[in-house]
Amino acid sequence: MSIPVITYGDTFTDFVGGLERLHGPVTVVRRCSALAELIAACQTGLARAAIVAGDTCEVGSVVLERLHSSQVAVVVLTDDEGERRRFDALGIAHGPVLMEPLQLADLVTDAVANLPVTGTRVAVGYADPAHALLPVAIPDDQPAELSAGGQVIAVWGPTGAPGRTTVAVNLAAEYAASGKTTLLIDADTYSASVAAFLGLMDESAALAQACRLADQGILDGPALARVSVKVAVQGAHLQVLTGITRAERWPELRPGAMATVVGLARSLADYTIIDCGFCLEADEELSFDTMAPRRNGATLRCLELADTVFAVGAADAVGVPRLVRALAEIEQAVPSAAPRVVLNKVRASSVGSVPVDQLRDSWERFGPVKEVQSFLPADFDVADAALLSGSVLLEIAPDSPLRRAIALLAGCDLPVRRNGPRRRRRLKV
């Protein structure tokens, strides 16, 4: 049976004519003049393979995901040695421009045969609504594959500034100070603020750089270390991938590239902490006729890949109902996630004289069937002082209740407090 093929790009050899003269294994059904046209044609189910020749710089992991999600294999013709190494890293079949038609047909046949089977591996996961249209994979008796390498922790929460970044930054600081290799990623596509929390004057958006390298298939350990920012925390190094500097740069954080970054981080660091955006909506497809970039795709992908998800909510009359509704949303958007509930800014003035007990009772009565794992006390003076100085709680107020509660949440050992009168803390303004 002949394999239908769509082509894009021109070379000084007529490889399309050569394939058609074979009258055999492959049939060119369409020639496209732009890469977007090729992607759109492949998504119609017209072809099983796509051949890109000549200008191949636009072919990256994002294009590969789009075509693979349509069950289309990709073959690239290039004589550039650097491009060949890049395509090897991306797993794209390639050959020289002067390849004989019969050899090119064999290369296309092999690429189609080695195409990942639909439903067994989807690169964009929950970040892509098209995933819901794929056939349901039948589970077998084999045990689930365990994630190798370090732990990935996503810190997420509903809108309204419940303290996601405060928790993410200080969790990462606790792990780094305990001697663990730690990478902090700011994946908030609406209001990235990790750089401001740490006092970094970074305008380069390190995460966007890492995603570009991942999209080109050239992201490795040295490249990740080169683009990340190193922050000293009590003599230890905390690596930081700062977020996008302007909200309109969100298309640079593609879900596929994010998966590559998180996967590499998992293999290199003991702990990877991701500060996620709040929104989980995935309705961009309503505005486009074809697969569109999704602003919340990075958050959805990170939540899907994380080993642990902390759902942070503010402990007040507005924050708790928001968190309850948000937990229902995440259960629908990312069914594989099992968020652990963290109530932040716990204080008597907003809840009552015994805030923890009252919050626990209210949660048991009105909240979902999920135990609240941690109650983080409100300590606005210390949090403001840390933000003003660009420091973490571990450095500026190691004995503060908020810092100790976050350290316990991270599972870090704390020194025993000395008995005696407490001194009133002085804060510089």
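In this predicted model, five strands with parallel pairing form an open sheet in the order 2-1-3-4-5. Its edges are taken by strand 2 (26-32) and strand 5 (93-95), each of which pairs on one side only, and the twist from one strand to the next averages 25°. Strand 1 (residues 3-8) runs parallel to strand 2 and is joined to strand 2 by six bridges, with I3 standing opposite V26 of strand 2. Helix 1 (residues 15-22) packs on this sheet, where helix 1 touches strand 1, strand 2, strand 3 (49-53) and strand 4 (73-77); the direction of helix 1 makes about 150° with that of strand 2.

A further open sheet is built from eight strands in the order 8-9-7-10-6-11-12-13, and its pairing is mixed. Strand 8 (229-233) and strand 13 (372-377) each have a single partner strand, so one side of each is left without a neighbour in the sheet. Neighbouring strands here are turned by 25° against each other on average, direction ignored. In general, the strands of a sheet pair through backbone hydrogen bonds, in either a parallel or an antiparallel sense. Three of the pairings in the eight-stranded sheet are set out below.

| Strand pair | Sense | Bridges | Residues opposite each other |
|---|---|---|---|
| Strand 7 (182-187) and strand 9 (236-241) | parallel | four | I185 and L241 |
| Strand 7 (182-187) and strand 10 (271-276) | parallel | six | A187 and C276 |
| Strand 6 (151-156) and strand 11 (308-314) | parallel | four | W156 and A311 |

Strand 7 appears in two of these rows, with strand 9 as one partner and strand 10 as the other. How many residues of strand 7 are buried? Six of its six residues are, and the strand is accordingly described as mostly covered. In a regular strand the side chains alternate between the two faces of the sheet. For strand 7 both faces are covered, with T182, L184 and D186 buried on one side and L183, I185 and A187 buried on the other.

Two helices can be placed against the other part of this sheet. Helix 12 (residues 319-333) lies across strand 6, strand 11 and strand 12 (340-346), and runs at about 150° to strand 11. Helix 17 (residues 401-410) lies across strand 11, strand 12 and strand 13, and runs at about 160° to strand 13.

The nonpolar interior can be described next. In soluble globular proteins, nonpolar side chains tend to be buried together. The largest nonpolar core here has 55 residues, and those with the most contacts inside it are L207, L241, V261, L303, I330 and L343. Helix 8 (residues 206-215) gives the most to this core, with seven residues. Leaving aside residues up to four places away in sequence, L207 touches I185, D186, A187, L241, T242, L253, M258 and V261; among these contacts, I185, D186 and A187 are buried residues of strand 7, and L241 stands opposite I185 in strand 9. Apart from the largest core lies another, of 36 residues, which includes I153, A168, A172 and Y175.

The cysteines call for a separate remark. A disulfide is a covalent bond between the sulfur atoms of two cysteines, and the structure holds zero of them. C276 is in no disulfide, and the nearest cysteine sulfur, that of C302, is 5.0 Å away, whereas the cut-off for a disulfide is a sulfur pair within 2.5 Å. C276, the bridge partner of A187, counts as buried because its relative accessibility is 0%. C57, by contrast, counts as partly exposed because its relative accessibility is 46%.

Is Q358 buried, partly exposed or exposed? Q358, which has its place in helix 14 (residues 355-366), has a relative accessible area of 32% and is therefore partly exposed. Not counting residues up to four places away in sequence, Q358 touches V351, G352 and S353. Q358 and A348 are 10 residues apart in sequence, and their C-alpha atoms are 9.7 Å apart in space.

Taken as a whole, the chain has 17 helices and 13 strands, and of its 429 residues 48% count as buried. The chain exposes about 21200 Å², of which carbon and sulfur atoms supply 52%. Among contacts between residues at least 6 apart in sequence, 72% join residues at least 24 apart.

Note on methods. Residues are numbered from 1 along each chain as its sequence is written. This is a predicted model: local features need pLDDT of at least 70, side-chain atom pairs count only at pLDDT 80 or more; totals for chains, interfaces and linings use all residues. Side-chain values use heavy atoms; hydrogens and water are left out. Two strands pair if DSSP finds at least two bridges between them. Helices (H or I, at least four residues) and strands (E, at least two) are DSSP runs, numbered from the N terminus. Axes are lines fitted to C-alpha atoms, for helices over the stretch in contact, and angles run from 0 to 180 degrees between N-to-C directions. Contact means heavy atoms within 4.5 Å. Buried means under 20% relative accessible area, exposed over 50%, partly exposed in between (1.4 Å probe, protein chains only). A nonpolar core is a set of buried Ala, Val, Leu, Ile, Met, Phe, Trp, Tyr and Cys residues joined through side-chain atoms within 4.5 Å. Accessible areas come from the Shrake-Rupley method with a 1.4 Å probe; for residues, only the protein chains shown count as cover.
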